[in-house]
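Me: I would like to learn how to read the empty spaces and backbone oddities of a model. Can we take one case and go through it?

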Amino acid sequence: MATGHEFINLADLASARVGGRAVATNDDFFAPKSNLVKPEPAIFIPGKYTSKGKWMDGWESRRRRVPGHDWCIVQLGMRGIVHGVDVDTSHFTGNYPSHCSIEAVDMPKGITPSLHAVDGAPWTTILEKTALAGNGANLIPISDRRPWTHLRLSIYPDGGVARLRVYGEVAVDWARVAPKGRVVDLASITNGGLFLDASDTHYGTKGALIMPGRAKNMGDGWETKRRRGPGYDWAIVRLGAPGTVSKVEIDTNHFKGNYPDRASLEGCLAPGATINHLRAASWSVIIPETKLSANKRHYYSGKQLTQVGAVSHVRLNIFPDGGVSRLRIHGTLARN
């Protein structure tokens with residue numbers, strides 16, 4: 001990973017997987033704006049054309065013949081603080097924009113069409129006009145630490161962008177999400193949970209373990225390669241906020257010939273800890289090693305859980321290897 005681009009380990013606030021969507025553009029003649037927030041990497045299909053031209057897996061405007069530039073507005077799936085973006089131009093080689101800029105607004109109730117193309121306020125520039133490279137990632141840090149709900153990507157003067165990844169921290173309104181001791185999924189990405197580290201991520205999709213909804217298929221989960229020696233695999237999840245665990249779900253949906261034989265869950269209270277600190281941390285057992293079944297939701301509560309107090313991180317251990325589609329850590333916020 002390139003130095004200074006650690007933000008790519010944060011949540012993609014704009015991904016369609018968490019409700020992100022492109023809501024407006026001045027031009028998507030060749031390829032629709034909706035492609036910008038697709039969660040999967042962009043692909044290229046030689047020889048595939050539409051009635052308008054070459055099929056491209058991205059957002060692409062026509063060749064501009066008058067002054068100005070093109071733009072697309074993305075509504076973030078999760079309101080949050082942006083740490084960095086990837087303006088990904090994969091497969092756009094002779095048709096990518098030379099430059100881009102990004103503006104933002106914080107309007108939780110939505111943005112009206114009258115504001116889509118407005119210059120200046122209420123839009124705030126968070127990325128000044130920046131040169132882009134074609135056919136690949138353009139990882140750009142963002143320094144403004146205010147939360148936003150919408151971004152406007154401007155491209156100069158025209159062209160195609162495959163994906164817009166918006167990496168950052170979810171801004172969770174805990175007073176609304178978990179009032180008066182309400183039990184919530186503290187691990188969910190929509191509540192600020194983050195898939196931090198794992199012994200092995202050979203298969204599956206990074207971060208799928210804490211995504212909304214059940215897995216769509218076997219690729220929509222966390223799966224390790226087949227272990228050929230001693231040991232076991234593990235994954236560490238940072239909770240959206242420290243809390244006390246009251247119910248756990250381990251879902252092996254779609255994993256039938258490759259689910260783990262057994263699993264255990266541990267927790268620790270180390271807010272803000274680095275991955276290196278967590279790897280060496282002292283973990284407390286919440287669920288002792290227990291048998292799992294194929295393609296099934298496993299629930300644990302009450303006496304099945306060891307009460308260890310508030311935790312900020314959990315570690316799911318699987319024995320010896322295999323796949324888990326979702327992990328839910330239901331609990332109440334720790335009282336300060």
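Reply: Start with residue classes. Ala, Val, Leu, Ile, Met, Phe, Trp, Tyr, Cys and Pro count as nonpolar; Asp, Glu, Lys and Arg count as charged; the others, Gly among them, count as polar. By these classes, the lining of the second largest cavity has four nonpolar, four polar and no charged residues. This is a predicted model: local features need pLDDT of at least 70, side-chain atom pairs count only at pLDDT 80 or more, and totals for chains, interfaces and linings use all residues. Residues are numbered from 1 along each chain as its sequence is written, and side-chain values use heavy atoms, with hydrogens and water left out.

Me: What are a cavity, a pocket and a lining residue here?

Reply: Rolling a probe the size of a water molecule over the atoms shows where empty space is left. The search uses a 1 Å grid over the protein atoms alone. A cavity is a set of points where a 1.4 Å probe fits but cannot get out. A pocket is an open set with protein on both sides within 12 Å along at least five of seven lines. Lining residues have an atom within 4 Å of a point. Grid points are joined across faces, edges and corners, and a volume is the space filled by probe spheres set on the points.

Me: How many cavities of 30 Å³ or more are there?

Reply: Two. The largest holds about 50 Å³. Its lining consists of Leu10, Ala11, Gly168, Glu169, Val170, Gly192, Gly193, Leu194 and Arg238. By class, that is four nonpolar, three polar and two charged. Strand β12 (residues 163-170) gives the largest share, three residues. Helices (H or I, at least four residues) and strands (E, at least two) are DSSP runs, numbered from the N terminus.

Me: Which residues line the second largest cavity?

Reply: Thr244, Val245, Ile286, Leu305, Thr306, Gln307, Val308 and Gly309. The volume is about 40 Å³.

Me: Now the pockets. What is the volume of the largest pocket?

Reply: About 740 Å³. Its lining has 30 residues; Asp12, Pro39, Tyr167, Thr205 and Lys206 are the closest to its centre. By class, the lining splits into 14 nonpolar, seven polar and nine charged. β1 (11-12), β6 (70-88), β12 and β14 (194-198) each supply at least two of the lining residues.

Me: And which residues lie nearest the centre of the second largest pocket?

Reply: Glu6, Asn9, Leu10, Leu194 and Leu196, out of 15 lining residues. This pocket has about 300 Å³ of space. Its lining has six nonpolar, seven polar and two charged residues. Leu10 and Leu194 also appear in the lining of the largest cavity.

Me: On to the backbone. Where are the cis peptide bonds you would point to?

Reply: Most residues other than glycine have a negative phi, and most peptide bonds are trans. Here the bond from Tyr156 to Pro157 is cis, with omega near -10 degrees. Pro157 sits in the loop between β10 (147-156) and β11 (160-161). The bond from Phe319 to Pro320 is also cis, with omega near -10 degrees. Pro320 is in the loop between β21 (311-319) and β22 (323-324).

Me: What is the phi of His91?

Reply: Near 75 degrees, a positive value in a residue other than glycine. His91 lies in the loop between β6 and β7 (99-105). Lys180, not a glycine either, has a positive phi of about 50 degrees. Its loop runs between α1 (174-177) and β13 (184-185).

Me: Is Lys180 buried or exposed?

Reply: Buried means under 20% relative accessible area, exposed over 50%, partly exposed in between (1.4 Å probe, protein chains only). Lys180 is at 89%, so it counts as exposed. His91, at 26%, is partly exposed. Phe255, at 0%, counts as buried.

Me: What does Phe255 touch?

Reply: Contact means heavy atoms within 4.5 Å. Leaving out residues up to four places away in sequence, Phe255 touches Met218, Trp222, Glu223, Ala294, Asn295, Gly323, Val324 and Ser325. Phe255 lies in the loop between β17 (233-251) and β18 (262-268).
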